[in-house]
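Student: Please take one part of this model and go through it closely, strand by strand. How is it put together?

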Amino acid sequence: MTTLPPAVRFVRSNLGLIVAPLFVAAGAVALYVYNHTTDKIFQDERALGWDRNLRPQLEQHLSLTLWSTAFTILLAVPLGVLLTRPRYRRAGGPILAVATSGQALPAFGLIVLAFAWLGRGPWTAVWALTFFTLLPVLRNTMVGLEQVDRAVIEAGRGMGLTKRQALMEIEMPLAVPVILAGVRTALVINVGMAALAFLIGAGGLGATISSGIKLQRTPVLLTGAAMTALVALAVDWVAALIEKSLRPSGL
Amino acid sequence: MTTAKIELQGVGKRYPGTAAPAVANLDLQIPEGEIVVLVGPSGCGKSTTLRLINRMIEPTSGRIVFDGEDVTGVNPDLLRRRIGYVIQQIGLFPHQTIAENVATVPRLLGWDKARIARRVDELLDMTGLDPNVYRDRYPKELSGGQAQRVGVARALGGDPEVLLMDEPFGAIDPITRDRLQNEFLRLQGELRKTIVFVTHDIDEAIKMGDRIAILGEQSRIRQFDTPERILAYPIDEFVSEFIGSGSTLKGLNFERVRDLDLSGTFLVVQPDVDRAEALARYEQSPERWMLVLDPQQRPIRWVDGSHLADRAVPLERAGRPVIALIEPDATLHDALERMLLSNAGQAVVVDKQGRFQGIVDVEQLADVLKRLRNQAKKHYDELAANGAAEASQPEEPG
């Protein structure tokens with residue numbers, strides 16, 4: 001392997017990161033061509049209007065995904081840190097169980113439950129999604145912190161790092177790859193879940209899928225479904241880039 | 001005992017819910033500028049004792065005094081920045097470069113960047129790593145030996161007066177370990193830090209320690225003395241069992257050939273000697289072998305009566321070659337090894353130019369061992385007679 005030119009080695013080790021955006025772009029082009037070459041009836045034109053429906057839905061979809069992921073991180077990472085401190089370690093089991101139940105509930109049921117409790121609107125959807133994706137981020141934060149070599153922390157504390165310094169300068173940087181893997185999982189789950197948000201009036205690309213089913217129009221159904229899939233792939237790609245860039249060197 | 005750099009006064013550690021304490025009522029004085037080795041069987045609490053000193057483990061009783069200052073209650077994080085700490089697993093920060101690792105304590109102490117950079121280069125140099133090569137590398141690119149060098153450099157970062165080392169060379173292959181130990185002793189010769197060193201390996205303890213504390217259960221001190229005296233006179237069954245059967249031989253490592261009395265009379269001849277006269281001398285002497293020296297006084301052959309009698313063979317080629325040569329700086333342990341290899345059961349002492357100085361035999365070594373043992377015994381008898389101190393307390397070597 002060492003004899004390969006650097007460019008080839010770069011491509012090989014980053015194959016996934018290079019192929020994914022090409023795939024997404026190809027999918028988007030295919031979808032565009034398909035929509036502009038098939039015969040459409042009036043309802044199709046209406047449902048697939050870019051400015052009227054698709055663009056706002058795409059924006060809603062992304063914003064639901066990003067807000068819920070942001071809340072997930074804000075809740076789960078500090079909670080994970082707390083639950084790996086000696087004082088609160090014993091609470092880890094029960095809290096992890098609650099987070100697991102969040103993910104065990106069917107997404108559909110969870111969104112409807114949140115609706116019954118918090119009413120219509122995008123924020124209800126955001127909270128439902130946040131609760132749903134708490135688990136992967138919480139668990140990965142805990143696992144990530146716990147897999148840090150005890151000897152490294154011991155050495156740091158032994159040289160006079162305070163508990164907080166040991167956490168921020170040693171444990172967190174070393175746990176980042178695992179935590180980010182959890183965040184990436186959460187993001188992808190959220191893109192899928194956000195497709196159900198239209199049920200409680202929170203918009204998203206699920207509305208187009210639903211129209212396609214109701215109208216029994218394949219172009220509409222296909223467009224909604226394909227766009228959701230492409231968003232998931234694109235989001236995952238961006239997350240992978242972030243993961244790569246935040247991974248501490250030396251690991 | 002005002003010269004003690006660190007003093008443990010009745011220090012104990014009892015974990016909640018356990019009947020017996022892990023460390024029971026320990027009194028220990030670590031003299032300034034010395035390496036004190038804590039050694040004992042697994043589970044005797046030696047690592048715990050070490051970690052009580054920098055309060056990685058908080059003692060449940062007693063006081064820790066540092067330079068005359070009671071540090072049992074001070075902020076442990078600030079205390080630890082004054083004490084270097086090296087552990088067996090090294091624990092380099094994998095996400096930081098070697099330079100960043102070494103800079104840990106200076107950074108915590110708030111030094112400015114230029115001073116930190118100078119200090120890092122100085123420390124890497126000191127521990128035998130070229131700063132230009134290693135400064136920007138990451139720990140995963142280092143071998144075990146190199147990583148431990150960085151570990152030592154990092155512990156010395158803030159120029160602490162005290163260094164705690166917990167089996168620092170324990171996970172390193174024997175050849176590299178030996179080299180690191182030697183380099184560390186050379187470094188210590190310059191730095192003169194006060195060092196507490198934990199190991200379970202008595203040979204490492206003997207090699208590294210200015211003093212050795214042999215610890216039993218619950219970190220009770222069974223004997224605390226110089227390695228020479230412990231080897232010459234293990235105070236009880238426990239100690240002698242722990243240091244093992246080879247202890248007498250290990251004691252020979254501390255004595256040098258030059259300190260022996262080499263003034264005895266030896267049978268030496270020049271190759272061109274009158275054979276009849278040499279033979280006469282040989283027969284009058286109780287010695288079994290005669291040493292042939294060349295004109296520069298360098299030993300060349302061992303010969304006996306039959307070789308002297310056989311005039312056909314010149315003495316330069318008669319008898320057996322001299323292989324057991326040894327210089328005055330060598331230890332008696334080396335001398336013994338040479339002796340066992342030698343044809344004559346004796347080692348020939350020569351100076352740097354290879355000129356004959358004298359001969360060492362097993363009897364002389366036995367005498368040395370007897371003398372060491374008697375001295376140590378006398379030392380302990382005097383201590384007991386004075387009744388002033390426990391037999392296990394440190395005294396200046398006599």
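Tutor: Two strands pair if DSSP finds at least two bridges between them; strands (E, at least two residues) and helices (H or I, at least four) are DSSP runs numbered from the N terminus. This is a predicted model, in which local features need pLDDT of at least 70, side-chain atom pairs count only at pLDDT 80 or more, and totals for chains, interfaces and linings use all residues. Residues are numbered from 1 along each chain as its sequence is written, and chains are lettered from A and ligands numbered from 1 in the order in which they are written.

The part chosen is built around strand 12 of chain B, residues 290-293. Strand 12 of chain B pairs with strand 11 of chain B, residues 268-269, in the parallel sense, over two bridges. B:Val269 has B:Val292 of strand 12 as its bridge partner. Helix 13 of chain B, residues 275-284, completes a β-α-β unit with strand 11 and strand 12 of chain B, and this unit is right-handed (with the strands pointing away from the viewer, the path from the first strand over the helix to the second runs clockwise).

Strand 12 of chain B is also joined to strand 13 of chain B, residues 299-303, by four bridges, and these two strands run antiparallel. Here B:Met290 has B:Val303 of strand 13 as its bridge partner. Strand 12 and strand 13 of chain B form a hairpin with five residues between the strands. In that hairpin, B:Gln297 takes a positive phi near 70 degrees. Strand 12 of chain B thus has a parallel pairing with strand 11 and an antiparallel one with strand 13.
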